[in-house]
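Please open the structure in the viewer and keep the selection tool ready. The tour below proceeds stop by stop, stating at each one what to select and what is found there.

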Amino acid sequence: MQAYGMALDLHDDPTLIARYRTEHQRAWPEVLARLREIGVSEMKIFLLGRRMFMYCETRDGFDPATDFPRANEDPTYQKWDELMRTMQERVDEAKPGEWWAQMELVFDLSAVRV
């Protein structure tokens with residue numbers, strides 16, 4: 001199992017932020033299935049203001065740079081992604097070509113041996 005933290009912003013528009021919440025409360029079953037197919041076993045998205053933090057667990061060997069884009073090979077997932085991107089924007093810290101900016105792990109409680 002591998003774990004990732006990633007950041008992305010929503011447009012500074014309360015109506016879009018509310019819609020983003022609503023869409024995720026009823027995420028499309030085909031999208032959930034596709035995430036599992038590409039190797040995602042757990043995903044949680046947290047929101048503070050307009051900043052989102054996504055915690056994601058994947059199968060060993062998962063490469064976010066190549067495996068996340070594979071999700072868009074499914075037309076239904078691609079429609080979902082296109083809809084979500086109308087509400088999102090990259091964070092300033094994102095690398096060129098990076099949508100969800102991968103964050104650096106600086107602490108892991110499970111790795112601390114006392």
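**First stop: the largest pocket**

The model on display is predicted. Its largest pocket encloses about 900 Å³ of space. Select Met43, Met54, Phe68, Tyr77 and Trp100: of the 37 residues that line this pocket, these are the closest to its centre.

Next, colour the elements that surround the largest pocket. The helices α1 (14–25), α2 (29–37), α3 (64–70) and α4 (75–85) each supply at least two residues of its lining, and so do the strands β2 (40–48) and β3 (51–58). Which element gives the most to the lining of the largest pocket? Select β2, which contributes 8 residues to that lining.

Now colour the lining of the largest pocket by residue class. The lining comprises 23 nonpolar residues, 6 polar residues and 8 charged residues.

**Second stop: the second largest pocket**

Move to the second largest pocket, whose volume is about 220 Å³. To display its lining, select Met1, Ala3, Tyr4, Gly5, Phe53, Tyr55, Gln102, Met103, Glu104, Leu105 and Asp108. Two strands, β1 (2–10) and β3, each supply at least two residues of this lining. Select β1 by itself to see the largest share, which amounts to 3 residues. By class, the lining of the second largest pocket holds 7 nonpolar, 2 polar and 2 charged residues.

**Third stop: helices α1 and α4**

Hide the pockets and show α1 together with α4. Their axes come within 11 Å and cross at roughly 155°. How are α1 and α4 oriented to each other? An angle over 145 degrees counts as roughly antiparallel, and α1 and α4 are therefore roughly antiparallel to each other. The crossing of these two helices is left-handed.

To view the contact, select Arg19, Tyr20, Glu23 and His24 in α1, which meet Trp80, Leu83 and Met84 in α4. Sorted by class, the contact of α1 with α4 has 4 nonpolar residues, 1 polar residue and 2 charged residues.

**Fourth stop: helices α2 and α4**

Keep α4 in view and replace α1 with α2. The axes of α2 and α4 come within 9 Å, and they cross at roughly 105°. Angles of 65 to 115 degrees count as roughly perpendicular, so α2 and α4 are roughly perpendicular to each other.

Which residues of α2 meet α4? Select Glu30, Val31, Arg34 and Leu35 in α2; their partners in α4 are Thr76, Tyr77 and Trp80. The contact of α2 with α4 consists, by class, of 4 nonpolar, 1 polar and 2 charged residues.

**Final stop: residues to revisit**

Select Trp80 once more: this residue of α4 meets residues of α1 and also residues of α2. Then select Tyr77, which takes part in the contact of α4 with α2 and is listed among the residues closest to the centre of the largest pocket.

Definitions and conventions
Residues numbered from 1 in each chain as written. Predicted model: local features only at pLDDT ≥ 70, side-chain atom pairs only at ≥ 80, totals over all residues. Heavy atoms only, no water. 1 Å grid on protein atoms, 1.4 Å probe; cavity = no way out; pocket = protein on both sides within 12 Å on 5 of 7 lines; lining within 4 Å. Points joined across faces, edges and corners; volume = space filled by probe spheres on them. Helix = DSSP H or I, 4+ residues; strand = E, 2+ residues; numbered from the N terminus. Nonpolar A, V, L, I, M, F, W, Y, C, P; charged D, E, K, R; others polar. Axes fitted to C-alpha atoms, helices over the stretch in contact; angles between N-to-C directions. Parallel < 35°, antiparallel > 145°, perpendicular 65-115°, else oblique. Left-handed = near helix turned anticlockwise from the far one by under 90°. Contact = heavy atoms within 4.5 Å.
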